[in-house]
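Which side chains pair with one another, and what surrounds them? The paragraphs below go through charged pairs, cysteines and aromatic rings in turn.

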Amino acid sequence: MNHGSASIASGARRTFDFGRTHVVRPKGKHEATVVWLHGLGDNGQSWSQLLETLPLPNIKWICPTAPTRPVSIFGGFPATAWFDVGDLSEEGPDDVEGLDDSAAHVASLLATEPAEIKIGVGGFSMGAAAALYAATCHTMGKYGNGSPYPVNVRAAVGLSGWLPCSRSLKTKLEGSSEAPSRAADLPILLCHGKGDDVVLYKHGDGSAKLLASSGFHKLSFKPYKGLGHYTIPEEMDDVCQWLKATLALGASVS
């Protein structure tokens, strides 16, 4: 249970306390740990209850709760949010400081995992955006503010989300000697409902295309006809199969 504020990436300009962290322990041999980030206004507990039901006995799930902060899209009304947002798409202004804080919180939750454990990040809606941002921090080797990013992300999953800071990603990757190879090696699964009226399908599709064109060659994008801004068993089955294959779960002899 973590009630602290992120301090790895940012200074003392502003701090928001993160809420309670819920952990789902692996039912089998612990082979991977995935931090899963909830959507705007939600909390870690609701996703921990769903993730606990998945047939993935080798994964430890860490489900933190975002800080409660003023949110521009709600006219400044406070809600649990990983960063401030004025538009639920890649077209809005990017709150890099808030994104860095959340990426730092993800890193702090994963910092004590054993070296042999495979690390992943994932999330839904705004949580997917924050997870993808943390994955790009791994790719660049640093936060948006330039501080080194300490976590080796092996897989990233985004459901009904979008890619923050997308406008500058390609240029940043091209300006780095090591980032392009990390981008090419990072498996990413993006899923989006064609009927999503909260984070429009075009934003998920556009983010996937931008990642692919930026050199993320191990990217999979799955559309779901008629799916709105929620999850369905078919989608979660696809996530399970992808994680099993990508992280080679249960493949070793125990």
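In this predicted model, Lys209 and Asp205 form a salt bridge, with 3.0 Å between the closest N and O atoms. Both residues belong to helix α6, which covers residues 201-213, and being 4 residues apart there they are separated by about one helical turn. The two partners differ in their surroundings: Lys209 is exposed, at 56% relative accessibility, whereas Asp205 is buried, at 18%. The value for Asp205 falls under the 20% limit for a buried residue, and the value for Lys209 is over the 50% limit for an exposed one.

Side chains of opposite charge can pair when their charged atoms come close. The structure holds 4 salt bridges, and the Lys209 and Asp205 pair is one of them. Another joins Glu113 to Lys60, with the closest N and O atoms 2.8 Å apart. Glu113 sits in the loop between α2 (96-110) and β6 (118-124), while Lys60 is part of strand β3 (residues 59-63), so this salt bridge ties together parts of the chain that are 53 residues apart in sequence. Glu113 is buried, at 12% relative accessibility. Lys60 is buried as well, with a relative accessible area of 13%.

Glu178 and Arg182 also form a salt bridge, and here the closest N and O atoms are 3.3 Å apart. Glu178 is partly exposed, with a relative accessible area of 48%. Arg182 is likewise partly exposed, at 23% relative accessibility.

The cysteines come next. A disulfide is a covalent bond between the sulfur atoms of two cysteines. How many disulfides does a search of the whole structure find? The search finds 0. For Cys63, the closest cysteine sulfur is that of Cys240, and at 13 Å it is too far for a bond. The cut-off for a disulfide is 2.5 Å between the sulfur atoms. Cys63 is buried, with a relative accessible area of 0%. Cys191 is in no disulfide either, and its nearest cysteine sulfur, again that of Cys240, is 11 Å away. Cys191 counts as buried, at 1% relative accessibility.

That leaves the aromatic rings. A pair of aromatic rings is described by the distance of the centres and the angle of the planes. The whole structure contains 7 aromatic pairs. In one of them, the ring centres of Trp47 and Phe124 are 5.7 Å apart and the planes stand at 40°, so the pair is tilted. This pair links distant parts of the chain, with Trp47 in helix α1 (residues 44-51) and Phe124 in strand β6, 77 residues apart. Trp47 is buried, with a relative accessible area of 8%, and Phe124 is buried with 11%.

Tyr201 and Phe221 form another tilted aromatic pair, with 5.9 Å from centre to centre and 50° between the planes. Tyr201 lies in helix α6 and Phe221 in strand β9 (residues 219-224), so the pair ties together parts that are 20 residues apart in sequence. Helix α6 thus returns here, as it also holds Lys209 and Asp205. Phe221 is partly exposed, with a relative accessible area of 23%.

Which residues do ring pairs link into a cluster? The cluster consists of Trp36, Trp47, Trp61 and Phe124. Trp47 and Phe124 within that cluster are the tilted pair described above.

Definitions and conventions. Residues are numbered from 1 along each chain as its sequence is written. This is a predicted model: local features need pLDDT of at least 70, side-chain atom pairs count only at pLDDT 80 or more; totals for chains, interfaces and linings use all residues. Side-chain values use heavy atoms; hydrogens and water are left out. A salt bridge is a side-chain nitrogen of Lys or Arg within 4 Å of a carboxyl oxygen of Asp or Glu. Helices (H or I, at least four residues) and strands (E, at least two) are DSSP runs, numbered from the N terminus. Buried means under 20% relative accessible area, exposed over 50%, partly exposed in between (1.4 Å probe, protein chains only). Rings of Phe, Tyr and Trp (its six-membered ring) pair if their centres lie within 6.5 Å; planes under 30 degrees apart count as stacked, over 60 as edge-to-face and the rest as tilted.
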